Amino acid sequence: MVDIPRRSLLAGIAALGAGACARVSDSEAGQSLFDTAEDWHRKAQRALAGRQRLAPEYSRADVSPDFKGNGSLTVDTSAYRDELASGFTGWRLAVGGLVEAPFALTMDQIRALPQRTQVTRHDCVEGWSAIGEWTGPQLSGLLDRARVKPEANFIVFRCADTLYGRDYYESIDMVDANHPQTIIAHLLNGDPIPEKNGAPLRMRIERQLGYKHAKYLTGIEAVASLDDIGDGKGGFWEDFGNYQWYAGI
Amino acid sequence: MKKRHALSTRIWHWINAGALIVLFMSGLNISNAHRYLYWGDYGFDPADAWTRVVRFPGWATLPQHYDLAAARDWHSLAAWIFASGLLIIWIAMLINGHFRRDIATERKDWSIAALTSEIAAHLQAKFERHSSKYNSLQKITYGIVYGIFLPMMVFTGLAISPGFEPAAPWMVDLLGGRQSARSLHFIFAWALFAFFAVHIVMVIVSRPLRQIKDMITGGKDEDPSHG
C-alpha cells in the first residue's frame, strides 16, 4: 500500500508536465514547431541520402512468410467483389490532373509496360515490418507519358477503399514521384496482389512508412496544391488521424 | 573561483533532461501501437516476437491518452534537441577538458580493490568527501551513459527511420536489421531509465538540495588540485 501515494505523486508530476505539453501541442505555435521539426527531418534526410538513393533491396530468400494486411483489408462494394471475381478485367487506372495528355490503362496494358521488380521492406508507422517482392511499372514512366505540367507540385493517389466512411487517398511530392523505386505494383512475390494487400494495384513509396503506400489504386492525379483535397492535409491518415505528411521518420 | 560544473554542462544537463523525459514518455505511447519486439529485418507476427511489452498506462505516456500521431510529433521534435545537444556537449567536453579530467578512467579506477570499496561506500550511503572529483563508479557510469547509452539512442533511432536508411544502410545492417534496431532502441531507452532512477536516488541520498543548486548555479569546485 505504501507505493500508492508515491505512484500518485509520480502520476501527478507527469500529469502536470503533460498538461503543459497538451497546451503546447494544441496551440498554433506548438503545431508549427512540430511542422518545422518534420520539415527539417525531411530536408536532412534528402540532403544526406540524395534524391535518388535507393531504399535497401533484399534477395528473394529474405521475403517474410506472410505480408501483413493492415488498414483497409478489402473494398466493401459489389463492384469490387465482381472485379475481384473476374480478375480485374474492368479495372481502370486513370492518370490525369495537371497533365498535357491524360489517359487510362487496363490491367493488361499495365502488365505490358516496362516493369521493375524489387524486394523491399515495408515499415508500418505502428512499428512492425514485412518484406515482399513487388513488380510493376515505374510511376515516372506514366508521368512522362502524360506530360506533367510544370505547375504540378504533388502527385495524388486515388483509391477505391474507404475507412471510417472517408475515401482513402495519399500524396507525395515530385521527388518521391520520380524516384526509381516508386512503382505501381500489381504483383506481390510473383502473384497478383492479394485482396488484403490492395488488389489489384498498390503504390510503393519505399522510403516512407506504410500508410503512404495507397492500395486499391484507381487514379493518379498531378496537382499544384493539396489544400482542396480531403481536409487538405495530403492523405487519409493525415486528415483523419493527424499523421505526418512526410512519413520518412 | 572555479565552478564545480561548467556552464555548458549545466545548460546541457537540464535541456537534455527535458528532452529525454519527452522522448521517453512519447516513446511509451509509440510502443503501445505495436507491443511486440523482434530480431532481424522483419517482424509483424506476435508468434515471432522475442517479447511482448506491457501496455503503458496513460499517466506514463505523452500525450496522456493513446495518440500515435501526436506522440510521433513530440518524439521527432525532441529528437532534434537531444541529438544536437549530445553532439554539442561531446565537443564541449573534449575542448574544456571535462571528459579527460573528470570522466576518462585510469587503470586504478578499474582495480578490484577500488571498485569494491566504492561499492561498499555506496551501499552504506557514505558520500561525504572533500573533493568534487567523481569516484571510479561515477566515472565508469557517466562514461557508459555518454559513450554508449545516449549515442545508441541516436543511432538506433536513425536506423528505424525509413527515410534515413538510404543514407547509411550499413547502420541498419550493423545493428542486425530494422527490427533488431527497434528492439535495441527500446532496450537502451530502459537502460537510460535505469540510470535515471539510480541518478535520482544518488542525488537524494547525498545532500539533494546542494546537488540540484550546484547543477543550476555551478557550485564551488572543492578539489584542491584545481587550486
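Which residues touch the most other members of the largest nonpolar core? They are A:Phe157, A:Cys159, A:Ile184, A:Leu217, B:Leu23 and B:Ala78, out of 83 residues in that core. A nonpolar core here is a set of buried Ala, Val, Leu, Ile, Met, Phe, Trp, Tyr and Cys residues joined through C-beta atoms within 7 Å. Buried means that 20 or more other C-beta atoms lie within 10 Å of the residue's own; with 12 or fewer a residue is exposed, and in between it is partly exposed, the C-beta atoms being placed from the backbone.

Before going on, some housekeeping. This is a predicted model, where local features need pLDDT of at least 70 and side-chain atom pairs count only at pLDDT 80 or more, while totals for chains, interfaces and linings use all residues. Residues are numbered from 1 along each chain as its sequence is written, and chains are lettered from A and ligands numbered from 1 in the order in which they are written.

Now for the two chains. 30 residues of chain B are in contact with 41 residues of chain A (contact means C-beta atoms, placed from the backbone, within 7 Å). Helix α2 of chain B gives the largest share of chain B's side, eight residues. Helices (H or I, at least four residues) and strands (E, at least two) are DSSP runs, numbered from the N terminus.

That helix α2(B), residues 68-96, also meets α1(B), residues 7-31: their axes come within 8 Å and cross at roughly 150°. The axes are lines fitted to C-alpha atoms over the stretch in contact, with angles from 0 to 180 degrees between N-to-C directions. The two helices are therefore roughly antiparallel, a label for angles over 145 degrees (under 35 is roughly parallel, 65 to 115 roughly perpendicular, the rest oblique).

Next, some backbone oddities. Most residues other than glycine have a negative phi, and most peptide bonds are trans. Here are the exceptions to look up:

| Place | Feature | Value |
|---|---|---|
| A:Ala199 to A:Pro200 | cis peptide bond | omega near 0° |
| B:Leu62 to B:Pro63 | cis peptide bond | omega about -10° |
| A:Phe88 | positive phi | near 60° |
| A:Asn189 | positive phi | about 55° |

Where do they sit? A:Pro200 is in the loop between β9 (191-192) and β10 (202-204) of chain A, and B:Pro63 is in the loop between β2 (51-52) and α2 of chain B. A:Phe88 lies in the loop between α3 (78-86) and β1 (92-97) of chain A. A:Phe88 counts as buried, with 21 C-beta neighbours inside 10 Å, whereas A:Asn189 is partly exposed, with 17 other C-beta atoms within 10 Å.

Terms used. Contact = placed C-beta atoms within 7 Å.
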